[in-house]
Amino acid sequence: SVNNKHIPPGLLEATAKHPCYSFGAHHKYARMHLPVAPKCNINCNYCNRKFDCLHESRPGVTSEILTPQSAEQKFRRVKAQIENLSVVGIAGPGDALANWETTKESIERVKAIDPEIIFCLSTNGLLLPEYYHEIISLGIKHVTVTVNCLNPEIGARIYGHILYKGKRYEGETGAAILIKNQLEGIRLLAENGVLVKVNIVMIKDINDFHIPDIVKKVKELGAFMTNIMPLIPAPGSAFENYQQTSMKELNKMRNQCQLHLHQMHHCRQCRADAIGLLGDDRAIEFAAETAGRIP
Ligand code: SF4
Ligand code: SF4
């Protein structure tokens, strides 16, 4: 069931070219991630900060970090060499909003070159109430927020601490602030015509039983779809010895949740510097081209 309460006219037509939001686009349209967001303001137990943000990618790869200037150069090169480049996303390696100035400048630079590009952002949501209006005024229509639970007791098992307005909050206190901001942020974005995709990392015995509740709640807040992702424990993270979620369990959950809200079934958990079609990533090729030129 597609949640289209607040969707402005024309947005679904544009979204048909977004390889993540539209299954039909994923063999045809390419996306490019600009790894301009190195910092993060929370600490997920499944994350090892040497790797990319797991909310959007898998452990084991580290993306190069680009400045807005070098991101612009890379965009020009990729656009010249890749057909049907429709989407530019900021997906880490940390949190897009925790690096707002570089995120914003990178988007503005790309937009000046190609106003047709669809932009997307992925975030843990902590700073959404603070930045949602800037996101909207930048013209971003696709935002991914990772929501792993609705209550602080579960949250305290998933998040170590958060850094918020200059203070550090741990355990349930930190999780409560994070969850509140995520949910408020989703509502604010959806009400303003942004298509919100909610990523959920499925962690056995910690939040798996609770996932249908998350899906129902974010649907109520106006989310467009959810993307339930397997836990892939990063070496060196607090969850390093946890079991990886099996595809069988994952698909069962997705099918169950599909009854409530549209589900993404084709996510590849791409790198923060992913380039190209979803099934045919060319990040390495283009990263090699920029090697030695990164400031
Ligand atoms: Fe790591 Fe992403 Fe969580 Fe930040 S939000 S701690 S980068 S997984
Ligand atoms: Fe799309 Fe998933 Fe890759 Fe993000 S991680 S670009 S949602 S396929």
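# Reading helices, loops and a ligand shell

Mentor: In this predicted model, the buried residues of helix H6 are Gly174, Ala175, Leu178, Ile179, Asn181, Gln182, Leu183, Gly185, Ile186, Leu189 and Ala190.

Trainee: How many residues does H6 have, and what does it reach from its first C-alpha to its last?

Mentor: A helix can be checked by setting its end-to-end reach beside the span expected at 1.5 Å a residue. H6 runs over residues 171-191, which makes 21 residues, and its reach of 30 Å is close to the expected 30 Å. Just after H6 comes glycine 193, whose phi is positive at about 80°.

Trainee: Which residues that are not glycine have a positive phi, and are they buried or exposed?

Mentor: Asparagine 84 is one of them, with a positive phi of about 55°, and it sits in the loop between helix H2 (68-81) and strand E3. Asparagine 84 counts as partly exposed because 13 other C-beta atoms lie within 10 Å, a number that falls between the cut-offs of 12 or fewer for exposed and 20 or more for buried. Aspartate 205 also has a positive phi, of about 65°, although it is not a glycine, and its place is the loop between strand E8 (195-202) and H7. Aspartate 205 has 9 C-beta neighbours inside 10 Å and therefore counts as exposed.

Trainee: Where is glycine 89, and why does it count as buried?

Mentor: The same kind of count is applied there, and glycine 89, which belongs to strand E3, counts as buried because it has 25 C-beta neighbours inside 10 Å. When neighbours within four places in sequence are left aside, the residues in contact with glycine 89 are Arg31, His33, Cys120, Leu121 and Ser122. Distance along the chain and distance in space can be read side by side as well: glycine 89 and phenylalanine 224 are 135 residues apart along the chain, and their C-alpha atoms are separated by 18 Å.

Trainee: Which peptide bond is cis, and what is its omega?

Mentor: The bond to look at is the one from glycine 92 to proline 93, which is cis with omega near 15°. Proline 93 lies in the loop that runs between strand E3 (85-90) and helix H3 (100-113).

Trainee: How should I read a pair of packed helices, and at what angle do the axes of H2 and H3 cross?

Mentor: Two packed helices are described by the angle between their axes together with the distance between those axes. For H2 and H3, the axes come within 9 Å and cross at roughly 35°, and the crossing is right-handed. The contact brings Pro68, Ala71, Glu72, Phe75 and Arg76 of H2 to Thr102, Glu105, Ser106, Arg109, Val110 and Ile113 of H3. Sorted by class, the residues of this contact are five nonpolar, two polar and four charged.

Trainee: Which residues make the contact of H7 with H8, and how do their axes cross?

Mentor: Helix H7 (residues 211-221) and H8 have axes that come within 10 Å and cross at roughly 35°, again in a right-handed crossing. On the H7 side the contact is made by Ile211, Pro212 and Val215, and on the H8 side by Met253, Gln256 and Cys257. By class, this contact has five nonpolar residues, one polar and no charged ones.

Trainee: Is methionine 247 buried or exposed, and is leucine 231 buried or exposed?

Mentor: Methionine 247 is found in helix H8 and counts as exposed because it has 10 C-beta neighbours inside 10 Å. Methionine 247 and leucine 195 are 52 residues apart in sequence, and C-alpha to C-alpha they are 26 Å apart in space. Leucine 231, in the loop between strand E9 (225-230) and helix H8 (247-258), has 23 C-beta neighbours inside 10 Å and so counts as buried. Not counting residues up to four places away in sequence, leucine 231 touches Tyr46, Val201, Met202, Ile203, Phe239, Tyr242, Gln244 and Thr245. The C-alpha atoms of leucine 231 and isoleucine 42, which are 189 residues apart along the chain, are separated by 17 Å.

Trainee: How many residues surround ligand 1, and which are the closest?

Mentor: A ligand's surroundings can be read by listing the shell and then sorting it by class. Eleven residues surround ligand 1, and the closest are Cys40, Cys44, Cys47, Cys53 and Asn124. The shell divides into six nonpolar residues, four polar and one charged.

Notes: Residues numbered from 1 in each chain as written. Chains lettered and ligands numbered in written order. Predicted model: local features only at pLDDT ≥ 70, side-chain atom pairs only at ≥ 80, totals over all residues. Near = placed C-beta within 6 Å. Nonpolar A, V, L, I, M, F, W, Y, C, P; charged D, E, K, R; others polar. Helix = DSSP H or I, 4+ residues; strand = E, 2+ residues; numbered from the N terminus. Expected span 1.5 Å × (residues − 1). Contact = placed C-beta atoms within 7 Å. Axes fitted to C-alpha atoms, helices over the stretch in contact; angles between N-to-C directions. Left-handed = near helix turned anticlockwise from the far one by under 90°.
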